Amino acid sequence: MSNNLISKLLRVKKPILFSLIVALFFVSQATYAIYESSEKEVPNFDIENSQSNLALARIEESKGKLTEALFALERAIAIDPQNDEARLLLGKIYAQLGEKDSAEAQFKHIIDTKKEQSAAAQTALDNLKYVREWSHNAIIGYRIGHDDNVNSGLDNTSIFIPSANTSLTLPDSNGENDETTQTVYASGSANYQHTDTLSYIIKGTVSKTDDNFFDQAYAAIDVGARLNQEKSQQTFRFIQSYVDYDNFDEINISRLSYEYLRLLKNRNYYKISVDLQYLNYEDQDIRDDRRLTLSGQYRYLLSPSLSLTSELFYTQDIRSEGSFDELDFDSYGLQTTLRKRLNNTLALSFDLNYRINNYDGDDQLFLRERLDRRLHFRSKLSWQFIHKTTLSVAYQYTDNDSNISLYDFDKNVFFIDIAKAF
């Protein structure tokens with residue numbers, strides 16, 4: 001009776017056992033296919049070579065095989081501890097896996113070496129800190145500058161505003177003046193990372209400029225929100241500025257700004273921004289302005305220490321009120337910036353800006369419409385000679401060509417700037 005029972009059980013279980021063996025075979029084959037190494041895709045692969053393992057890791061990472069990539073990178077670093085490219089990729093993969101402490105250790109190791117990959121590691125470390133926390137920075141500075149012809153040819157007045165990126169075009173001023181100015185300024189920002197994608201930004205700026213011709217006090221508050229996606233960034237900002245300007249009393253400027261930034265390969269990016277400004281002049285004889293500015297920017301890294309940025313911009317006065325209609329203008333042009341980090345303490349930049357200003361109303365003196373073509377060049381050398389303390393020396397040249405000869409001028413400006421960050 002017991003033998004019959006055993007034989008019955010075997011007849012039932014044999015098909016089950018066979019099915020289990022077949023299933024295990026296919027699972028093992030699938031597992032092997034998933035974890036099969038990509039060594040054959042690396043030309044002349046040598047497992048004892050650090051660069052070969054780095055190349056293998058990049059291929060594995062592109063296929064989503066993060067575990068295999070980690071193994072290859074660990075081998076690469078064990079063979080050559082100075083392989084910062086492998087260490088940087090290892091940190092990024094740790095970050096993808098949620099191992100933030102391990103990722104931070106790799107990035108900080110690279111930063112401490114102060115070599116070629118240090119800047120990329122610092123960027124990766126900053127991106128790693130997208131957690132719910134406050135961050136802040138501040139700067140105070142002093143600038144002294146000399147303008148050889150501050151109002152040459154009745155040039156529109158420009159105002160130096162640190163950190164706020166705000167530019168003003170004010171009514172023209174008569175006469176020429178060889179001028180030296182000094183400006184004390186301070187700015188700071190606080191950032192709260194609310195979620196992994198959403199952060200809130202608060203910025204503040206104050207400055208005071210003294211010279212023999214214009215005295216200017218400036219203050220601004222800048223609040224906004226930023227959305228950080230994997231490959232893009234969107235920023236919404238409201239900026240309220242106030243200028244106490246001796247010749248024209250007080251000016252209030254309100255700005256709404258939207259910016260979209262898209263990351264490309266090799267840390268390149270393009271950026272599109274829309275900026276709406278409302279300028280309210282307290283002096284009743286001077287107009288109030290509404291301006292719309294559109295711009296598109298592209299940055300290309302020629303090398304880890306050399307970048308080229310180009311920007312197209314267009315500004316339209318969409319509504320103006322007051323008695324200075326001839327000062328309404330549309331402006332468009334191109335700006336190109338070349339930046340070179342010479343070493344850990346020295347940086348050099350060159351800016352070339354070409355714009356066309358088309359004034360809408362007829363000039364009151366010459367009774368015809370004014371058209372200016374302006375070329376602006378600036379070179380700047382910055383030296384971080386003490387921890388977070390920077391000394392900058394710059395030269396600016398402006399050539400303004402106008403269809404009205406009175407507004408033709410050349411201008412040379414030199415300035416020295418010292419700033420301390422906290």
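This passage describes the nonpolar cores and a nonpolar surface patch of a predicted model. Residues are numbered from 1 along each chain as its sequence is written, and side-chain values use heavy atoms, leaving out hydrogens and water. Local features need pLDDT of at least 70 and side-chain atom pairs count only at pLDDT 80 or more, while totals for chains, interfaces and linings use all residues.

We can begin inside the protein. The largest nonpolar core (buried Ala, Val, Leu, Ile, Met, Phe, Trp, Tyr and Cys residues joined through side-chain atoms within 4.5 Å; buried means under 20% relative accessible area, with a 1.4 Å probe and protein chains only) has 27 residues, of which Leu73, Leu88, Ile93 and Phe107 touch the most other members. At least two residues of this core come from each of α2 (50–62), α3 (66–79), α4 (84–96), α5 (100–113) and α6 (118–128), helices being DSSP runs of H or I with at least four residues, numbered from the N terminus. The top contributor is α3, with seven residues. A separate core of eight residues includes Tyr218, Ala220, Val243 and Tyr245.

Turning to the surface, Tyr142, Ile144, Val184, Trp383, Phe385, Ile386, Val393, Ile416 and Ile418 make up a nonpolar patch (Val, Leu, Ile, Met, Phe, Trp or Tyr side chains within 5 Å, each residue with over 30% relative accessible area and no salt bridge, that is, no side-chain nitrogen of Lys or Arg within 4 Å of a carboxyl oxygen of Asp or Glu). Together these residues have about 750 Å² of accessible area, by the Shrake-Rupley method with a 1.4 Å probe and only the protein chains shown as cover. Two or more patch residues come from each of β1 (134–147), β12 (369–386) and β14 (409–421), strands being DSSP runs of E with at least two residues. The most come from β12, with three.

Terms used. Patches are made of residues with over 30% relative accessible area and no salt bridge: like charges are joined within 9 Å, nonpolar side chains (Val, Leu, Ile, Met, Phe, Trp, Tyr) within 5 Å. Buried means under 20% relative accessible area, exposed over 50%, partly exposed in between (1.4 Å probe, protein chains only).
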